[in-house]
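Q: Before going through this model, could you set each label beside the cut-off that it depends on and say how the conclusion follows?

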Amino acid sequence: MKIPTAMDDSSVSHHNGGQVGSQIGVSVNNKQNDEPSQSVQYSIPGILHFIQHEWARFELERSQWEVDRAEFEARIAFLEGERKGQENLKNDLVRRIKMLEYALKQERAKFHKLKYGVELQQGDVRPPPKEPPAEPEPAERAQWKQGRQLIKQYLQEIGYTDTILDVRSNRVRNLLGLNNEEQVEDPYRNYDKNELYGLLQREIRTGGKEQRKGGVPPGGVYNEEGLSVQETAAVFANFEFLANQEMDMDEIDDLDAKQPHHASGKQGEEVDHEAEEVLNELNMLTESEADGGGQGDEYPVVKLSGSTASQASAVAAGAAAGGAGEADEEPLALGELAQLTVSNEPEAYDVASANKESFRKTWNAKYTLRSHFDGVRALAFHPTEAALVTASEDHTLKLWNLQRTVPAKKSAGLDVEPLYTFRAHTAPVLCLAMGAPRSEECFSGGLDGTIRVWNLPAPTADPYDPYDPAVQGPVLRDHTDAVWSLAASHGRLLSASADGTARVWAPRAPRPLLATLRDEQAATPPAPAAADFADAASRAAVVYRDGSLLLYDLETGQAVLRVSCDSAATRVRSHPTLPILVTAHEDRHIRFWDAVSGRCAHAMVAHLDAVTGLALDPNGLFLLSGSHDCSVRLWNLDTKTCVQEITAHRKKFDESILDVAFHPLRPYIASAGADGLAKVFV
Amino acid sequence: MADGVQVLRRNRPGSKAKDFCRWPDEPFEEMDSTLAVQQFIQQTIRRDPANLEAILKMPEAQDEGVWKYEHLRQFCMELNGLAVRLQSECKPETCTQMTATEQWIFLCAAHKTPKECPAIDYTRHTLDGAACLLNSNKYFPSRVSIKESSVAKLGSVCRRVYRIFSHAYFHHRSIFDAFEKETHLCKRFTYFVTKYSIISKEILILPKLDDETPITQPVGESEA
Ligand SMILES: [Zn+2]
Ligand SMILES: [Zn+2]
């Protein structure tokens with residue numbers, strides 16, 4: 001605290017000091033104050049109140065800023081993820097170009113052979129080993145210069161400066177091994193890669209055109225270039241997504257239209273066919289690469305620097321330049337290339353259609369589900385529809401139809417109003433499971449110890465329809481304490497309760513309770529925290545508060561596997577296709593267990609705080625986790641790496657995210673929070 | 001906490017019902033969440049639901065609009081409990097209209113044009129409508145500050161919500177009594193709307209719940 005001094009000239013600061021002590025301290029302050037009239041205007045309680053008020057206000061603002069900061073951080077993470085995705089895409093495209101270029105050379109060679117019956121003495125495919133690449137034949141060099149000059153002219157026309165050319169030339173030289181200095185990197189970075197990429201594509205076309213117009217003497221080179229341009233155009237036409245980068249498709253059509261003047265019409269008609277061939281050859285390349293150039297004569301192994309060095313025209317040199325940058329980073333992976341699919345949709349990498357790209361996308365918050373008065377403990381998607389049910393500590397469940405939205409005020413997000421509110425629990429609802437497709441039912445378990453079966457109203461229902469008691473199905477009352485977890489599969493229901501048991505139910509049967517699973521070996525049975533069916537509902541995995549994981553055989557009701565772990569478990573999910581169990585723990589870990597041997601296959605620190613939610617996508621490729629650290633994370637199950645992180649919910653007391661879910665069919669994920677909100681991401 | 005051990009106020013999966021939310025109180029000043037007021041209200045209710053004074057004692061320097069708003073959220077949330085009980089007894093066949101004393105019929109305001117919903121539907125629709133309104137991003141985008149124009153919306157919600165209490169009181173007395181014994185909700189609500197003058201006294205038709213003398217002063221026209 002500040003100690004008042006005679007130097008202080010404002011009575012406020014005096015009183016501020018007075019806050020430390022008692023009335024005496026205050027009166028001292030007053031004595032020190034030389035202007036009694038001024039102090040009359042302030043009263044101690046008034047000032048204290050003011051200070052407290054201000055403090056509270058600052059605290060509120062601070063907390064709001066913190067929320068804002070968290071949101072911005074999430075945004076940054078998202079954008080970075082997006083950038084990474086774009087870079088991967090770019091690398092991929094560059095590699096494809098490289099491959100196409102090589103395939104073109106092959107085609108050229110073949111064409112030449114067929115036409116003239118002799119091997120094409122093409123330096124670009126097989127450079128004479130003894131001849132240094134930097135010394136092409138004089139004729140070629142002249143041509144090279146000429147081509148380069150033309151391109152330069154052309155580029156200047158369209159606004160590309162010498163600087164870029166220099167950068168490019170540096171890169172080419174670097175590629176050729178003429179100069180290995182790293183300096184190339186820096187200028188290159190000043191330019192947008194996409195720009196250079198577009199530049200490269202333009203060069204490919206313009207270069208060819210100039211060659212033809214320039215009246216280069218007929219012969220191999222001429223034909224080569226003619227064919228090259230045509231094929232390039234054809235291939236590009238086929239790989240429309242490439243054009244998306246910067247290429248103007250009309251120009252290509254133009255080129256195609258002009259082709260017959262320079263090349264045979266037959267070729268023009270067969271562009272698609274040729275492109276296919278190119279692709280086929282790419283497949284063969286895989287093999288030729290694999291046997292280490294055994295077929296060298298027909299399919300020489302690509303030696304990028306060599307081939308480029310003696311390339312007669314700057315065209316190909318330019319084409320290679322774009323790709324070679326990446327070649328430095330990683331070796332050619334032709335095997336992968338063979339599997340690359342060709343998409344004819346120009347917008348294939350748009351965010352909207354990226355859904356189809358199965359999780360190459362990043363997820364964005366789209367719907368906010370606000371209507372619960374308290375924390376949302378669980379959520380589950382409808383098996384087929386764009387709908388979900390949430391369960392809350394406010395004792396209700398709500399059904400939401402994502403196709404019935406009201407536009408939200410500020411953001412691009414949408415608010416959804418609930419379609420129906422399920423009321424019957426007399427305490428917080430803790431867990432939820434969705435019935436099989438077409439059953440139109442869901443199950444909820446609550447702190448009141450009951451499990452309730454609900455008949456879902458139609459997604460077209462009006463929230464203000466008359467009350468229909470038929471929405472309430474049977475009630476399962478055997479548990480004697482809070483029901484914390486539910487799973488439904490094959491018409492069976494599995495519950496885990498704080499009463500120490502997990503139970504298996506046929507929920508609508510006259511005698512619904514099928515089995516009670518209890519850890520017989522434990523002296524004082526620990527409480528189950530969560531349970532999930534495994535192995536086509538023939539087994540049940542149950543995790544306990546003490547960290548142990550038990551796998552029960554549902555035929556016998558006996559535990560067939562028992563593993564222990566030091567940290568309390570909060571969730572368990574079984575992998576949809578593999579014998580793997582995934583558990584979430586309070587020690588921030590997610591653990592993967594071999595469901596046969598019980599071996600811990602992998603353990604990772606997944607969050608900054610207790611992990612509270614787990615969901616596997618229906619194909620078993622991705623894992624979604626939520627935590628009290630306020631974030632949702634998406635994991636690639638193969639590499640166990642985090643693909644995306646989303647900050648989704650605010651804290652209430654020390655709880656934040658309480659559940660996460662994948663839609664079984666549609667591209668939706670969702671999170672439920674202690675802040676009373678549920679969010680759906682697309 | 002003072003001893004330096006960090007208390008985590010969490011409900012861990014598998015914990016018993018009796019331990020739910022049973023953690024040491026957190027001083028209001030130390031709550032740094034945007035949901036601090038809700039936390040504080042719930043914490044005070046859990047400590048003693050009958051202690052209306054304590055529950056409705058607003059912390060100093062608290063924004064009164066937010067305070068009222070959070071209390072109303074809590075009322076609507078707890079009223080779910082009354083609605084659940086009513087669902088089993090209050091049938092559209094017997095309670096065809098929303099009435100308290102027989103003097104007026106309340107129209108359900110959840111519909112585009114106010115409608116004569118049966119009592120159970122009135123109850124559900126009113127609570128559903130209140131949930132939507134009180135969670136509306138348009139009127140209540142923040143839990144820490146509330147526009148004056150939105151605070152005005154609280155009054156009509158309170159008026160409608162009070163009719164649920166009064167219907168239960170006059171038509172399903174045993175349910176009302178059992179619920180009230182457990183929650184003291186109607187008493188708290190009456191105290192709340194009186195303290196902050198949210199509803200005019202003559203609309204509060206229920207007898208004072210502590211003494212048993214019913215108030216039988218007729219009140220004017222009903223409104224939706
Ligand atoms: Zn009734
Ligand atoms: Zn109605």
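A: Helices here are DSSP runs of H or I with at least four residues, and strands are runs of E with at least two, numbered from the N terminus. By that count chain A has 16 helices and 28 strands, and the model from which they are taken is a predicted one.

Q: What makes a residue of chain A count as buried, and what percentage of the 682 residues is buried?
A: A residue is buried when its relative accessible area is under 20%, and 51% of the 682 residues in chain A are buried. Chain A nevertheless exposes about 31,400 Å², of which carbon and sulfur atoms supply 51%. Of the contacts in chain A with a separation of 6 or more, 53% are made by residues 24 or more positions apart.

Q: Why is the arrangement around the zinc ion (ligand 1) called tetrahedral?
A: Four donors count as tetrahedral if all angles lie between 85 and 135 degrees; the 4 donor atoms around the zinc ion (ligand 1) subtend angles of 102 to 114 degrees, and therefore the arrangement is tetrahedral. The protein donors are Cys90(B) through SG, Cys95(B) through SG, His167(B) through NE2 and His172(B) through NE2, at 2.0 to 2.3 Å from the ion. In sequence these donor residues are spaced C-x4-C-x71-H-x4-H, and both His167(B) and His172(B) are buried.

Q: How do you know that Cys108(B), His111(B), Cys117(B) and His125(B) supply donors to the zinc ion (ligand 2)?
A: A donor is an N, O or S atom within 2.8 Å of a metal such as zinc, and the SG atoms of Cys108(B) and Cys117(B), the NE2 of His111(B) and the ND1 of His125(B) lie 2.0 to 2.3 Å from the zinc ion (ligand 2). Along the chain these donors follow the spacing C-x2-H-x5-C-x7-H, and Cys108(B) and His111(B) are buried.

Q: What makes the arrangement at the zinc ion (ligand 2) tetrahedral?
A: Its 4 donor atoms subtend angles of 94 to 119 degrees, which fall between the limits of 85 and 135 degrees, so the arrangement is tetrahedral.

Q: How many residues of chain A and chain B are in contact, and how many salt bridges are counted between the two chains?
A: With contact taken as heavy atoms within 4.5 Å, 62 residues of chain A touch 53 residues of chain B. The area buried between chain A and chain B is about 4,900 Å², with carbon and sulfur atoms giving 54% of it. Between these chains 4 salt bridges are counted, whereas a search of the whole structure finds 34 over all chains.

Q: Why is the pairing of Asp481(A) with Lys16(B) called a salt bridge?
A: The cut-off is 4 Å between a side-chain nitrogen of Lys or Arg and a carboxyl oxygen of Asp or Glu; the side chains of Asp481(A) and Lys16(B) meet at 3.8 Å, N to O, and therefore qualify. This pair crosses between chains, from the loop between β9 (472-476) and β10 (483-489) of chain A to the segment before α1 (36-47) of chain B. Asp481(A) has 14% relative accessibility and so counts as buried, while Lys16(B), at 33%, counts as partly exposed. Asp128(B) likewise forms a salt bridge with Arg423(A), with the closest N and O atoms 2.7 Å apart.

Q: Which parts of chain B does the salt bridge between Glu78(B) and Arg188(B) tie together?
A: Glu78(B) and Arg188(B) form a salt bridge in which the closest N and O atoms are 3.0 Å apart. Glu78(B) lies in helix α3 (residues 64-87) and Arg188(B) in helix α8 (residues 185-195), so the bridge ties together parts that are 110 residues apart in sequence. Glu78(B) is buried at 17% relative accessibility, and Arg188(B) is buried at 0%.

Q: What is notable about the phi of Cys630(A), and is this residue buried or exposed?
A: Most residues other than glycine have a negative phi, but that of Cys630(A) is near 75 degrees, a positive value. Cys630(A) is in the loop between β23 (622-627) and β24 (631-636) of chain A, and its relative accessible area of 15% is under 20%, so Cys630(A) is buried.

Q: Where is Phe653(A) found, and why is Phe653(A) counted as buried?
A: Phe653(A) is in the loop between β25 (641-647) and β26 (657-662) of chain A, with a positive phi near 50 degrees. Its relative accessibility of 7% is under the 20% limit, and therefore Phe653(A) counts as buried.

How values were computed. Residues are numbered from 1 along each chain as its sequence is written. Chains are lettered from A and ligands numbered from 1 in the order in which they are written. This is a predicted model: local features need pLDDT of at least 70, side-chain atom pairs count only at pLDDT 80 or more; totals for chains, interfaces and linings use all residues. Side-chain values use heavy atoms; hydrogens and water are left out. Buried means under 20% relative accessible area, exposed over 50%, partly exposed in between (1.4 Å probe, protein chains only). Accessible areas come from the Shrake-Rupley method with a 1.4 Å probe; for residues, only the protein chains shown count as cover. Donors are N, O and S atoms within 2.8 Å of the metal (3.2 Å for Na, K and Ca); water is not among the atoms, so sites may look incomplete. Four donors count as tetrahedral if all angles lie between 85 and 135 degrees; four count as square planar and six as octahedral if opposite donors are over 155 degrees apart and all others between 65 and 115; anything else is irregular. Buried area is the accessible area (1.4 Å probe) that two parts lose on being put together, summed over both.
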